[in-house]
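Reader: I should like to see how the descriptive terms applied to a structural model follow from their definitions. Please show the model before we begin.

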Amino acid sequence: MTISVRKVAAAAALGAALTTSLAGCGGGSGSPDAGREARMGTPPASAPASPAASAPGAAAASQSPLPGAPPAGPPGKAPTLAPGPNGLTPVFERAKQHADKTVALTFDADMTSDQGPRAAGGERFDNPELISTLRTLKVPSTIFMTGRWAEEYPDQAKSIGTDPNFEIANHSYSHHAFKSPCYGLPALDGAAARADVDRAFAAFRQAGAVNTVPYFRFPGGCYDDPALRALSTARVTAVQWDVVSGDAFAKDPDAVAEQVLAGVKPGSVVVMHCTRSAAPVTEEAIRKIVPELRKRGFRFVKVSELIGT
């Protein structure tokens with residue numbers, strides 16, 4: 001695919017503007033100092049002796065946040081980064097080993113805790129065509145899912161979460177902010193933020209998803225040291241990105257594809273979305289992105305493989 005400089009520049013500007021419209025999901029930025037020493041490339045932490053000890057929600061495992069739901073329980077075994085300074089939650093953005101031409105496509109399955117009426121009215125926060133295309137193209141992917149999305153689409157959450165092609169990571173339950181201000185999102189305090197993460201993991205288990213990993217993406221990408229401290233007992237690795245796709249509310253799949261293709265480097269993490277109403281051209285863009293990156297020699301991997309390198 002020939003990259004048009006004009007289109008890429010336009011797509012970049014569009015992506016920046018539309019990111020704000022999507023309440024910052026996949027476009028925010030954390031504190032430049034937060035967890036600096038635990039960012040990309042910090043050696044993965046050794047596997048804990050007890051799986052329960054490393055489980056997101058282990059501290060609250062005997063008391064599920066969802067009435068009648070199973071405990072949050074340990075996600076599938078996956079590499080994590082060592083804690084940052086003073087035990088802060090570590091942050092991963094891009095693989096340290098840049099020689100290997102690998103790239104992780106990640107998709108945020110967003111739904112806030114108060115969007116039930118909109119879903120009942122017919123708005124679609126899912127994108128089964130995108131998931132089908134990823135399967136057809138055999139693209140391993142990481143889906144950052146909110147607990148509310150899993151509750152709205154339990155069959156899809158289970159299908160994704162039992163498919164070895166995918167891994168489900170935590171994008172909070174409510175999609176409320178863990179740092180304020182954050183694109184106008186309602187903010188959670190430390191205790192509520194920690195409980196929100198547990199509740200999302202419990203929602204995945206309630207839906208029957210088993211391919212879950214101990215990774216977390218902040219709503220809006222907004223975080224600071226207090227947010228990293230609040231999640232320290234969850235034993236998760238926070239996952240950001242180095243390539244913004246600009247798919248939020250985009251209408252031109254070519255512009256989205258070109259923006260991704262212009263930004264991808266070995267070890268990149270690309271942030272995209274799995275919500276038809278907010279990102280309607282993502283599936284079409286993927287059909288352009290995947291063959292072109294493969295032509296360039298890139299191999300698609302899940303976030304867990306990038307962190308494990």
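Author: The questions below take up the chain as a whole, its cores, one helix and several loop residues.

Author: This is a predicted model, in which local features need pLDDT of at least 70 and side-chain atom pairs count only at pLDDT 80 or more, whereas totals for chains, interfaces and linings use all residues. Residues are numbered from 1 along each chain as its sequence is written, and side-chain values use heavy atoms, with hydrogens and water left out.

Reader: What makes up the secondary structure of the chain?

Author: The chain has 10 helices and 9 strands. These elements are DSSP runs, numbered from the N terminus: helices are H or I with at least four residues, and strands are E with at least two.

Reader: How much of the chain counts as buried, and what does the word require?

Author: Buried means under 20% relative accessible area, exposed means over 50%, and partly exposed lies in between, with a 1.4 Å probe and protein chains only. Of the 309 residues, 55% count as buried.

Reader: Why is helix α8 called mostly covered?

Author: Helix α8 spans residues 253-263, and 9 of its 11 residues are buried. Among them are V256, E258 and L261.

Reader: What makes D252 a cap of α8?

Author: A side-chain oxygen of D252 lies 2.9 Å from the backbone nitrogen of D254, at the N-terminal end of the helix. A polar contact is a pair of N or O atoms within 3.5 Å; within protein, one must be able to donate a hydrogen and the other to accept it, and residues adjacent in sequence count only if both atoms are side-chain atoms.

Reader: Which residues have the most contacts inside the largest nonpolar core?

Author: They are F107, M145, W149, F178 and F218, in a core of 60 residues. Helix α6 (residues 190-207) gives the largest share, 7 residues. A nonpolar core is a set of buried Ala, Val, Leu, Ile, Met, Phe, Trp, Tyr and Cys residues joined through side-chain atoms within 4.5 Å.

Reader: Which residues does W149 touch?

Author: Leaving aside residues up to four places away in sequence, W149 touches several residues, including D110, F125 and C274. Contact means heavy atoms within 4.5 Å.

Reader: Why is D110 said to have no salt bridge?

Author: A salt bridge is a side-chain nitrogen of Lys or Arg within 4 Å of a carboxyl oxygen of Asp or Glu. The nearest side chain of opposite charge to buried D110 is R217, 7.9 Å away, so D110 has no salt bridge. Lys and Arg count as positive and Asp and Glu as negative, while His and the chain ends are not counted. The side chains of D110 and H171 are nevertheless joined by a polar contact of 3.1 Å.

Reader: What is the phi of H175, and is this residue buried or exposed?

Author: H175, in the loop between β4 and α6, has a positive phi of about 60 degrees although it is not a glycine. Its relative accessible area is 3%, so H175 is buried. Most residues other than glycine have a negative phi, and most peptide bonds are trans.

Reader: How do you know that F249 is partly exposed?

Author: F249 has 36% relative accessibility and therefore counts as partly exposed. This residue, in the loop between β7 (243-244) and α8, also has a positive phi of about 60 degrees.

Reader: What makes the peptide bond from S180 to P181 cis?

Author: Its omega is near 0 degrees. P181 is in the loop between β4 (166-170) and α6.
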